[in-house]
Amino acid sequence: MEEESQITKGKYAADISSIKEAHARIKSLLSDCCQEGSSTSNVNVYKREEKMMTHFLVHPMAISGAFKFRGACNAVFSLNDEDASKGVVTHSSGNHAAALALAAKLQGIPSYIVIPKNVPTCKIENVKWYGGQFVWSEASVQSREEVANKVWPETGAIFIHPYNDGRKLSGQGTISLEILEQAPQIDMLVVLISGGGLISGIALAAKSINPAIRIFAAEPKGADDAAQSKAAGRIIRLPETNTIADGLRVFLGDLTWPVVQDLVEDIITVEDGEIIKAMKLFFEILKVVVEPSGAIGLAAFLSDTFQKNPAWKDCNHIGIVISGGNVDLALLWDSLNKGK
């Protein structure tokens, strides 16, 4: 099949072999971070039957509240002893920051986290809780990168990119291994997109297991660089972003872009109001705490744009990946009230 010929070893920053190696490396750490009473798998798959279609909502069970823990863990635990002893440094708007701080804590090494000043308080508290030492930056991606480039030479720590890193892609790809083990009938996945690390890992693993599976991305209209990149056939970086989904404000990297370009069927963009409505559905029906970035997959699936998209009409078993449950409650109440 065409998809099989696309995923040849060495073509992308990760492949099914590196993803399986990552799973073997981090599986015991994922189990340690499962909710009490959970199954042996490290993802929750909620199933809902509707007419001739099955919906699956895939939710992380890591205490970091996001699937990014997998990529961060694989990156940290892939380091040799000499490099690990130096600690790790990154920049992040929150979920990768907490994930890397937690992975470093489990490995017993220091972590230095560059965090923009507009990050929700709960995400800052998570980094503190896991022992991360943080350095402030301005809100822009450029400022985050510039500050990080100063911190790692000063500390001697090893830089772990928040998404543009093959070890991160391999760790994130382990999600597909578990999703398709629990629900092998899934023939379409909807995944959030920002820097592209999560969706790239998921797509590489899922397409290797089932070349016919369709992968769709969900992105806020106020930070739609991936959709613009897909349309233009090259990476587009926006001068600024404006969205409630604070975890989706960065841009594709040179390692994630080829995967998105080749393996992602389409990118569905949604307004912030649609994201807020999806959050309310999670709270009121599933009783699951989901931040805006995590709710965007459901928002995209429910959108008119997606429902009218012919590319998925022959799919009957749809998985929506939810990643991110770190919510600033004060901002949450304000957002939900605006969404009324």
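# Exercises on a predicted protein model

Glutamine 261 has its place in helix α11, which spans residues 257-263. The structure is a predicted model, and the exercises below begin with this glutamine.

## Exercise 1: Glutamine 261

Determine how far glutamine 261 is covered, and find which residues beyond its sequence neighbourhood it touches.

Solution. Begin with the relative accessible area of glutamine 261, which is 36%. Because buried means under 20% and exposed means over 50%, glutamine 261 with its 36% counts as partly exposed. Next, set aside the residues up to four places away in sequence, and the contacts of glutamine 261 that are left are Lys230 and Gly233. Finally, compare chain and space for another pair: glutamine 261 and serine 229 are 32 residues apart along the chain, while their C-alpha atoms are separated by 8.4 Å.

## Exercise 2: The protein as a whole

Describe the make-up of the protein in helices and strands, and state what share of its residues is buried.

Solution. Counting the elements gives 15 helices and ten strands. Of the 340 residues, 59% count as buried, and the accessible surface comes to about 14100 Å², with 50% of it belonging to carbon and sulfur atoms. As a last step, take the contacts between residues at least 6 apart in sequence: 72% of them join residues at least 24 apart.

## Exercise 3: Aspartate 187

Locate aspartate 187 in the chain, decide whether it is buried or exposed, and find what its side chain reaches.

Solution. Aspartate 187 lies in the loop that runs between α8 (166-182) and β7 (188-192). Its relative accessible area is 17%, so aspartate 187 is buried. Leaving out residues up to four places away in sequence, aspartate 187 touches a set of residues that includes Ala212, Ile213 and Arg214, and also Asp314, Cys315 and Asn316. One of these, asparagine 316, offers its backbone nitrogen, which the side chain of aspartate 187 reaches at 3.0 Å. Glycine 319 is 132 residues from aspartate 187 in sequence, but the two are 7.9 Å apart in space, C-alpha to C-alpha.

## Exercise 4: The nonpolar cores

Identify the residues with the most contacts inside the largest nonpolar core, and name the helix that gives this core its largest share.

Solution. The largest nonpolar core has 62 residues, and Leu189 and Leu204 are those with the most contacts inside it. Its largest share, seven residues, comes from helix α9, residues 197-209. Apart from this core lies another, of 28 residues, among them Leu30, Ala84, Ala98 and Ala103. To see the surroundings of one residue, look at leucine 189: beyond its neighbours within four places in sequence, its contacts include Ile179, Ile202, Ala206, Phe216 and Val321. A general tendency can be set beside this picture: in soluble globular proteins, nonpolar side chains tend to be buried together.

## Exercise 5: Covered and uncovered nonpolar residues

Find how many residues of helix α13 are buried, and decide whether isoleucine 285 is buried or exposed.

Solution. Helix α13 (residues 292-302) is mostly covered, since ten of its eleven residues are buried; among the buried ones are Ile296, Leu298 and Phe301. Isoleucine 285, by contrast, is exposed, with a relative accessible area of 61%, and its place is in helix α12, residues 272-286. Together with Leu281 and Leu302, Ile285 makes a nonpolar surface patch of about 270 Å².

## Exercise 6: Two salt bridges

Find the partner of lysine 117 and the partner of glutamate 271, and explain what parts of the chain these pairs tie together.

Solution. The side chain of lysine 117 meets that of glutamate 138 in a salt bridge at 3.1 Å, N to O. Lysine 117 is in the loop between β4 (111-116) and α6 (121-129), and glutamate 138 is in the loop between β5 (133-137) and α7 (141-155), so this pair ties together parts that are 21 residues apart in sequence. Lysine 117 is exposed at 52% relative accessible area, whereas glutamate 138 is partly exposed at 44%.

The second pair joins glutamate 271 and lysine 221, with 3.7 Å from N to O. Glutamate 271 lies in the loop between β9 (266-270) and α12, and lysine 221 lies in the loop between β8 (214-220) and α10 (225-232), so the pair ties together parts that are 50 residues apart in sequence. Glutamate 271 is partly exposed, with a relative accessible area of 43%, and lysine 221 is partly exposed as well, with 39%.

How values were computed. Residues are numbered from 1 along each chain as its sequence is written. This is a predicted model: local features need pLDDT of at least 70, side-chain atom pairs count only at pLDDT 80 or more; totals for chains, interfaces and linings use all residues. Side-chain values use heavy atoms; hydrogens and water are left out. Helices (H or I, at least four residues) and strands (E, at least two) are DSSP runs, numbered from the N terminus. Buried means under 20% relative accessible area, exposed over 50%, partly exposed in between (1.4 Å probe, protein chains only). Contact means heavy atoms within 4.5 Å. A polar contact is a pair of N or O atoms within 3.5 Å; within protein, one must be able to donate a hydrogen and the other to accept it, and residues adjacent in sequence count only if both atoms are side-chain atoms. A nonpolar core is a set of buried Ala, Val, Leu, Ile, Met, Phe, Trp, Tyr and Cys residues joined through side-chain atoms within 4.5 Å. Patches are made of residues with over 30% relative accessible area and no salt bridge: like charges are joined within 9 Å, nonpolar side chains (Val, Leu, Ile, Met, Phe, Trp, Tyr) within 5 Å. Accessible areas come from the Shrake-Rupley method with a 1.4 Å probe; for residues, only the protein chains shown count as cover. A salt bridge is a side-chain nitrogen of Lys or Arg within 4 Å of a carboxyl oxygen of Asp or Glu.
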